[in-house]
Structures are given as structure tokens and as C-alpha cells.
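Subject: Structure for you to look at

Dear colleague,

I am passing on the structure that we talked about, and below it you will find my notes on what I found. Please read them with the structure open beside you.

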Amino acid sequence: MVTSRNLRRFASLCLALSLVVLAGCSSAPPAQQSSGQSGGTQSQSGGTQTQSGSSSAPAASEGDILIGAVLPITGGSAKMGQDMQNSIQMAFDEINAQGGVLGRKLKLEVQDDACDPQSAVAAANKIVSMNVVAVISGYCSGAFLPTEPIYHNAGIGVVVPAANAVSLTEQGYEEINLINATNRDQARTAADYIVNQWNAQKVALIHDNSAFALELAELTREFLQGRAEVVAFEAITPGEKDFSAVLTSLKGKGPDAIYFTGYYAEGGLIINQARGLGITARIMVGDGANDPTLVEIAGAENAEGVAITTSPGAFDFTGSNEWVPRYREKYGEPGPYSVHAYDAANVVAEAIKQAGTTDRAAVAKAIRGINIEGISGPISFTETGNRKDGYFIVLEVKDGEFTVVQRAPR
């Protein structure tokens with residue numbers, strides 16, 4: 001597939017960049033490379049932010065067990081990153097309160113990727129230079145993809161809580177494991193809903209040229225083939241505010257449905273401006289736009305009836321009844337991937353326990369072979385690192401609120 005080739009070329013370029021960055025870091029001992037909260041670095045233990053990476057940093061065989069997390073802490077997806085960081089810390093606090101793992105406490109080291117590929121490569125290189133045993137990383141697929149060779153070369157097992165591009169597991173790295181279902185599952189869900197529930201005959205697809213959004217649009221086009229006509233396949237630029245030219249062109253093609261596969265900031269504006277231009281087509285957005293901010297930007301009246309394909313959220317899992325109140329007490333309302341991040345943290349903890357060691361390779365192998373019951377249901381991985389039995393659901397905006405209109409049977 002063209003997309004995969006491009007992504008592989010991009011990953012190769014970023015790998016070259018990562019080696020340069022790693023070489024620069026290797027001249028200093030790991031203890032000097034972590035400087036507490038400066039430069040987007042945070043270290044937390046027991047819910048309290050502390051300085052990390054001092055000269056007294058513990059060796060891998062003693063003291064706290066350091067787990068890395070590379071998340072978007074700044075930038076347009078910072079809210080998602082903070083949600084996931086909260087959940088990981090919550091899981092570690094609970095595990096530590098029960099005695100920790102292998103008699104040692106889990107300590108979280110966070111690096112900021114800002115959903116930017118270059119920042120993600122720098123963050124991944126910094127994480128692997130520390131004594132981290134495993135890593136939880138991946139919200140934006142385009143930022144996470146070029147970091148995969150870094151984790152592979154370091155032999156570090158990674159659990160991905162949110163990113164779900166198909167290409168993430170096409171590299172064949174045994175260290176990479178997705179908690180979320182894949183873009184292919186999402187595209188199939190979107191196409192089925194558009195055709196079966198909306199009876200749409202003409203569909204317009206809009207993406208933002210990011211690896212994730214472009215792949216989702218292309219896969220959706222494949223699933224619509226022979227079932228509905230794709231009358232437009234348009235790209236917008238993230239950060240732009242005026243989409244009237246694209247929407248005016250699209251209006252002339254008379255689509256029954258529009259599917260935008262990018263993120264909520266642009267998604268809200270597209271909904272608002274489409275309605276302003278008199279476009280009456282049904283509108284669906286992908287999981288990158290699953291945030292209440294979408295409604296705020298679009299306007300409640302414009303957003304009414306908009307559908308969202310998304311991973312099941314905190315309130316959509318039968319196992320979350322007791323978990324949600326615990327989360328609310330510490331952090332407020334959970335985000336779309338809070339449960340996934342919490343489950344990812346528990347996968348890592350259980351893998352260390354089963355491995356009986358903090359050796360990176362042994363833990364990575366244990367992660368791939370994990371079989372536990374998470375808040376999101378049974379968790380195990382295929383031979384290529386995809387979650388077994390992953391699925392997407394569909395929400396619609398009703399009275400300004402996201403309401404589940406289609407659940408996938410488990």
C-alpha cells in the first residue's frame with residue numbers, strides 16, 4: 001500500500017535522526033540526562049512530582065522500577081496526554097499501595113512528544129537512555145511510528161494506549177503492542193454505519209494529511225468500494241482556520257455524508273463552516289475528534305447529530321463501574337483513552353511480575369504473551385502485536401452530549 005511505503009520511508013529518515021540524537025546523548029551518563037520537570041520532563045512517584053535522574057539514580061536491579069511514558073504533554077493534544085498520564089499514575093499508585101512489583105515500587109518517568117515526530121524521536125531517545133524497564137507511549141500515530149526502531153533497538157517492550165494506525169504493527173517489531181483496536185477496524189465501522197444506518201450513496205472523505213488520518217480515510221474508501229460512491233477525497237492542513245474553499249467545492253458534489261478523519265480542532269471548524277455554507281450532509285468524525293471540545297468549536301446546534309467513530313470510552317466498559325468513581329476522586333472526568341492507559345500500566349506491571357525480573361528483553365517478551373482481564377475487557381495480543389478482539393463503537397451528539405448509538409458485541 002502506498003501509505004505504508006511512505007510511512008516506512010519516513011520511519012527510516014527519522015531512525016537516522018534518532019541515531020544522531022542518541023549519539024549526542026551517549027556522551028553523558030543517564031543520570032545527567034534527566035533534569036526533573038524542565039524541558040517537558042516530569043517524574044512522578046506516589047502522585048507527587050519529584051526531581052529525577054540525579055546522580056543517586058537507582059540501578060536497574062534495585063530501588064524503584066522506572067517505567068517510561070512518552071505522551072503529548074504540550075500542543076493541541078495535551079489534554080489527551082494529561083488524561084493518560086493521570087491514569088498511568090493512578091494504576092502505579094494502586095499497585096504501589098499493595099506492595100509494588102517484585103517488592104519494589106513503580107515510578108513513572110514522562111517525556112513530551114507533543115504529537116510531533118521530531119519531538120517524539122528526541123523523547124524516545126531520552127527515555128531509552130534511562131533505566132526504564134518498559135514504556136507506555138503512543139497517542140498520535142504519526143509521532144509514534146518513527147520511535148518504533150528506537151524501542152526495538154533498545155529491546156524495550158512498549159504498550160500503546162491510543163495510537164492505532166495499521167502501519168504501527170506492520171514493521172514487525174516484537175516490542176510494540178497496541179491496547180487499542182486498529183484503524184482498519186475503525187474504517188470498517190465507519191463505512192458500515194454510513195451505508196447501513198444513513199443509507200448514504202455519495203460520501204466525501206476529508207483528512208489532514210497526517211499518517212493516521214490519511215490511512216483512516218484510505219481504508220474507509222476501500223470499505224466503501226462497491227457500496228457507495230466516494231465523490232470527494234480532500235486534504236486540509238492542520239492549524240488552518242478557514243476551510244470554506246474545500247467545503248464549497250465539496251458542496252457542489254452533493255455528498256450525502258462527510259467523514260473527517262483528523263482531530264477535533266479542525267473537525268469542529270469543518271462542522272461549523274459546513275453548516276454555515278448550507279451543507280446538510282450527515283457528518284461523521286474519527287476518534288481523533290472524540291472530545292467535547294468538538295461541540296464547543298462547532299457550536300451545539302451545528303454539532304447535533306454528528307457521529308463519531310471511536311474506541312469505547314471509560315463509560316462504555318462493563319468493568320468501569322467501580323473504576324470511574326476512583327478516577328473522578330483523583331483527577332475529575334476521565335478522557336477517551338484514560339481506561340486504555342490504565343490498562344496499559346497494569347499490563348506492564350503484570351508483565352514484570354510474570355517475567356520475575358526487570359530485564360528489558362524478558363519484560364518485552366512477557367508483554368507480548370500477556371493474558372489478563374483489564375477494565376476494557378480481556379487483554380492479549382496477536383503475534384504481530386495487535387490486540388485480540390479489539391473493536392470500535394459509534395457515538396452521536398444528542399442534546400450536546402456524546403451518546404452511544406452502536407456498540408460492538410464482544
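A114 sits in the loop that connects β4 and α4, and its phi is near 55°, which is a positive value in a residue other than glycine. Please keep in mind, here and in everything below, that this is a predicted model. With a relative accessibility of 26%, A114 counts as partly exposed. A second residue other than glycine with a positive phi is N209, where the value is near 70°; this residue belongs to the loop between β8 and α8, and at 52% relative accessibility N209 counts as exposed.

The loop between β4 and α4 also holds one end of a disulfide. Which two cysteines form it? They are C115 and C140, whose sulfur atoms lie 1.9 Å apart, and the count for the structure comes to one disulfide. The link of C115 and C140 is right-handed, with 85° about the S-S bond. C115 is in the loop between β4 (106-112) and α4 (117-128), while C140 is in the loop between β5 (134-137) and α5 (141-144), so the disulfide ties together parts that are 25 residues apart in sequence. C140 has a relative accessibility of 8% and therefore counts as buried.

Strand β4 leads us to its partner β3, since the two pair in the parallel sense over seven bridges; as one example, A69 has V110 of β4 as its bridge partner. Is β3 mostly covered or mostly open? Strand β3 (residues 65-71) is mostly covered, with seven of its seven residues buried. In a regular strand the side chains alternate between the two faces of the sheet. In β3 both faces are covered, with I65, I67, A69 and L71 buried on one side and L66, G68 and V70 buried on the other.

Further along the chain there is an open sheet of seven strands, in the order β9-β8-β10-β11-β12-β15-β16 and with mixed pairing. Its edge strands are β9 (229-235) and β16 (401-406), each of which pairs on one side only, and the twist averages 25° from one strand to the next. Helix α8 (residues 211-224) packs on this sheet, where it touches β8, β9 and β10 (257-260), and its direction makes about 165° with that of β8. Helix α10 (residues 264-276) lies across β8, β10 and β11 (282-285), and it runs at about 175° to β11. Within the sheet, β8 (residues 202-207) and β9 run parallel and are joined by six bridges, and the bridge partner of K202 in β9 is E229.

V246 is a residue of helix α9 (residues 244-251). Leaving aside residues up to four places away in sequence, V246 touches E234, A235 and I236. From C-alpha to C-alpha, V246 and I270 are 9.6 Å apart in space, although 24 residues separate them in sequence.

The last part concerns helices that pack against one another. Two packed helices are described by the angle between their axes and the distance between the axes. For helix α3 (residues 78-97) and helix α13 (residues 323-331), the axes come within 11 Å and cross at roughly 105°, which makes α3 roughly perpendicular to α13. On the α3 side the contact is made by D83, N86, S87, Q89, M90, D93 and E94, and on the α13 side by W323, R326, Y327, K330 and Y331. Sorted by class, the contact of α3 with α13 has four nonpolar, three polar and five charged residues.

Helix α13 also packs with helix α14 (residues 338-355), at an angle of about 95° and with the axes 12 Å apart, and these two helices are therefore roughly perpendicular to each other. Here W323, R326 and Y327 of α13 meet S338, V339 and Y342 of α14, and the contact of α13 with α14 has four nonpolar residues, one polar and one charged.

As for the chain as a whole, there are 15 helices and 16 strands, and 56% of the 410 residues count as buried. Among the contacts with a separation of 6 or more, 69% are accounted for by residues 24 or more positions apart.

With best wishes

Definitions and conventions
Residues numbered from 1 in each chain as written. Predicted model: local features only at pLDDT ≥ 70, side-chain atom pairs only at ≥ 80, totals over all residues. Heavy atoms only, no water. Axes fitted to C-alpha atoms, helices over the stretch in contact; angles between N-to-C directions. Helix = DSSP H or I, 4+ residues; strand = E, 2+ residues; numbered from the N terminus. Parallel < 35°, antiparallel > 145°, perpendicular 65-115°, else oblique. Contact = heavy atoms within 4.5 Å. Nonpolar A, V, L, I, M, F, W, Y, C, P; charged D, E, K, R; others polar. Pairing = 2+ DSSP bridges. Disulfide = S-S within 2.5 Å. Buried < 20%, exposed > 50% of the residue type's maximum accessible area, 1.4 Å probe, protein only.
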